[in-house]
Amino acid sequence: MGDVISTHLDENRRLFIAERTGKILDEFFQFFEEQYPLALFNKIRYEVEDNGGPQPQLLQRKTPLKDKIIFSGNLYQYLEVNRRWKNRYFVIRDDYSVAYYDGKVNFDRGASPKGLINSAGYKVLNTMDQYLELINSSMPGIKGRASSSPFLKLPTEYCTILWHPYGHHHYFCVISEKEQQKWHAVFQDCVRHLNNGLPEDCKVETPAFSDAVRLYRQSKDQYGTWEMLCGNQIQIATNLVMEELLPELAAMIYPKLKGKLHDRQKDWILITEAVQKMVQVQTKVRYEAVLQKCEAARSGLESRIRPDLDQIISSKEHVANKLRVFVMPKAEACVRNKVQPCISSILDALMGPTSGGFSEVRDLFFKEIVEINKNILNEEGKQKLGEYMEKLSLLPYHPVKMQSCYEQLEQLQPQLKELQQRFEFSSPAVFVQRGQILLREILDNAVYTFEQLLHQSLGNSPEKGQVCQTIQRIQERVLKKYDYDSSTVRKKFFREALLQITIPYLLKNLSASVNTSLPKFQEFIFEDFSKFILVDNIFEEVVLQSVAKDIMLAVKEAAVQRKHNLFRDSIVMSGSDPNLLLLGEAQNINWNNEMDNEESSNPASGSEKRRRMKQVVSMIQDDGILRPYEVDMVTNAKQIPEVEEVGSSGSSEPCSPVKSPDSVKEIRDLLTIGKIETTVANTAEDTSMTNGMVCKDEIVPESNPSEETENELPQNCQESVQSSHECDLSPSAAEHIENRTSSSVIAFNEVSDESNQEKANVYQQKDSSDKETGEEVSSKP
């Protein structure tokens, strides 16, 4: 490998790379230095004028993850040094960096990792054909076929490959398809997080850098979203250089490569990786120097902005009015003829998959809370609540459980593909990843809100039945807030996506007729304000205003249509829950410590739980077998299995497996037709139970309670369950939930059809007999 690099990257070539990199960075950082004072001015202006947007209903977690490990497990990794595969232990940390060790023992001992993988800008592939297709499309010169033989052999058919257009490629293998799917989801989550743009808490540096990248690429006649805008500032600037430098190197180096096609592919990948490392080192030094220069001038710029803020704003409006008279007629004509007819089709392409993803997140949250409620009844009640809540807090960061939600957004790829050629944006993947990040953020907000409300309600050590009732009430309360926030987030996402698609298209169509006349508007700007008012930025704002009205109108019209489940902007919920706002500054809850302290203060409670004779079998169980190479969810170096097998309470033998429902609807069906029964200790009881509820001593592996009950559910009852799931924001509905006095944890609907009247009478007779014997039963709402 060293011979290939030293041969084709000799001293002259390295000097050429350094000089070309320096020239590109000089041009780019000139844009950055111009945008930095403007970003500082905008930050100060927004601090003074910001009126805020819609008030979110869910609380936002201040520190989502801190000192936690998200995933860990074993993978076979290909080692380029000796061309062999080695089994290694991988750990994904809270910063989404991937560390690998020679074994789990080394990790447990606190040894340093053998290496780290930063997955920003990578693509996760599951087949060698996909990998070869990307290599062939990115290779200069003669293209090979996608079926060409690869330059490495796989030990198993289940591979996972991390591909980067400029960086090092990573090759992994596992022994089963299930493991492959899990690791694919894990790596996709790492890529998604690191591709989520620059941190928004940097109010000056981030917008200045992002605007500099956009304006630099526009100066090269490259408009629209950029797929390689991922990672930190140094990685983004390196990608910017490589995008321009690599074709020049390919013309010089690739014709001199020798050997078969797969040998040339391997050599070119090694050369590209070496060049990328050289460029990254040079970019880091240059960026740190420019940033230090801008930060040193920041205090002086602020002292000039704050006293003259009103005058700078007035001067900018004066220039904007002049420019608007010149640009707006051309912009409006372009919008009317080329953009406006397509807005509705773009919105339709966005709405279906996005709304499906948010609906899937809602169902996932609902299902997890139902599982917690049932497990509290199954096992030791409140003593296990801490463990369940710790798992729930990590649910938004669980790539496998979130995968079904993320897959809904993947449908944006084919739908936006049809519009890609017309509006010339780079890739739909930018919108897919942004939508997936929003799914994770809103689920994290819902989980955090649920935690805070539950923690507030469990102050007086209530009984198990009261705990379950409280959980159900809080769940319904959080779901209503989720519905409102999801509507707000989706509408904002639609507006931003429409702007990101249409604005570059308009700028490209207008630039030819406008750019030559823009410099004359610089004469209207005072020299003292010239650093804070830039004509190019004002031109983009005017173009944005020309299409913003049509976009806002289209989103408002879509909100009226009930099929999208969007709320109208006239519905205002700010301040509707003042008690919740008091919890806004609360810290993350350590549920294990909370429950351990309570258990130590009440030692007799554990013995009372063990005397109970019946249990409810969990309806959500693992349908597979865990293997040594399966990935685990861990927190604080303590492993938590992804899906637990629930066993009998107080018994060392596990319960016989019960088929897990395939959808949330099936869960509701099971919870609706039957009754959840809990018993008083040492009471003679009837062992016959319904709706997936079996006696601990009478579990029959061959039976399938969930399927039998599902077949018995009448059609009209299914429709009632489905309609009851719809969110109702009326005050009367909220009051009904708060005033509920039933001791049931999960209520069932009344059977109204005449054909089912006999079954309803049987339930009523059983209720009466249970009450006479003093047994706790669930009642109808």
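**Strand β3 and helix α13**

Start with strand β3, residues 98-101: V98 and Y100 point one way, A99 and Y101 point the other way, and all of them are buried. Keep in mind that this is a predicted model. The split fits the usual pattern. In a regular strand, side chains alternate between the two faces of the sheet.

Now the neighbours of β3. On one side, strand β2, residues 84-93, pairs with β3. The sense is antiparallel, over 4 bridges. One pairing to pick out: V98 in β3 is the bridge partner of I92. The hairpin of β2 and β3 has 4 residues between the strands. Look at Y96 in that hairpin: its phi is positive, near 65°.

Next, strand β4, residues 115-117. β4 and β3 run antiparallel, joined by 3 bridges. Here A99 stands opposite L116 of β4.

On to helix α13, residues 412-423. Does its length come out regular or not? Take 1.5 Å a residue: the 12 residues should span 16 Å, and the end C-alpha atoms are 16 Å apart, so the two agree.

Which residues of α13 are buried? They are L412, L416, L419, Q420 and F423. Seen down the axis of α13, the buried residues fall within an arc of 130°, so they line one face of the helix. Turned away from that buried side is a face with the exposed residues P414, E418 and Q421.

Last point: what follows α13? E424 does, and its phi is positive, near 60°.

Note on methods: Residues are numbered from 1 along each chain as its sequence is written. This is a predicted model: local features need pLDDT of at least 70, side-chain atom pairs count only at pLDDT 80 or more; totals for chains, interfaces and linings use all residues. Side-chain values use heavy atoms; hydrogens and water are left out. Buried means under 20% relative accessible area, exposed over 50%, partly exposed in between (1.4 Å probe, protein chains only). Helices (H or I, at least four residues) and strands (E, at least two) are DSSP runs, numbered from the N terminus. Two strands pair if DSSP finds at least two bridges between them. The expected span of a helix is 1.5 Å times one less than its number of residues. The arc is that of the directions from the helix axis to the C-beta atoms.
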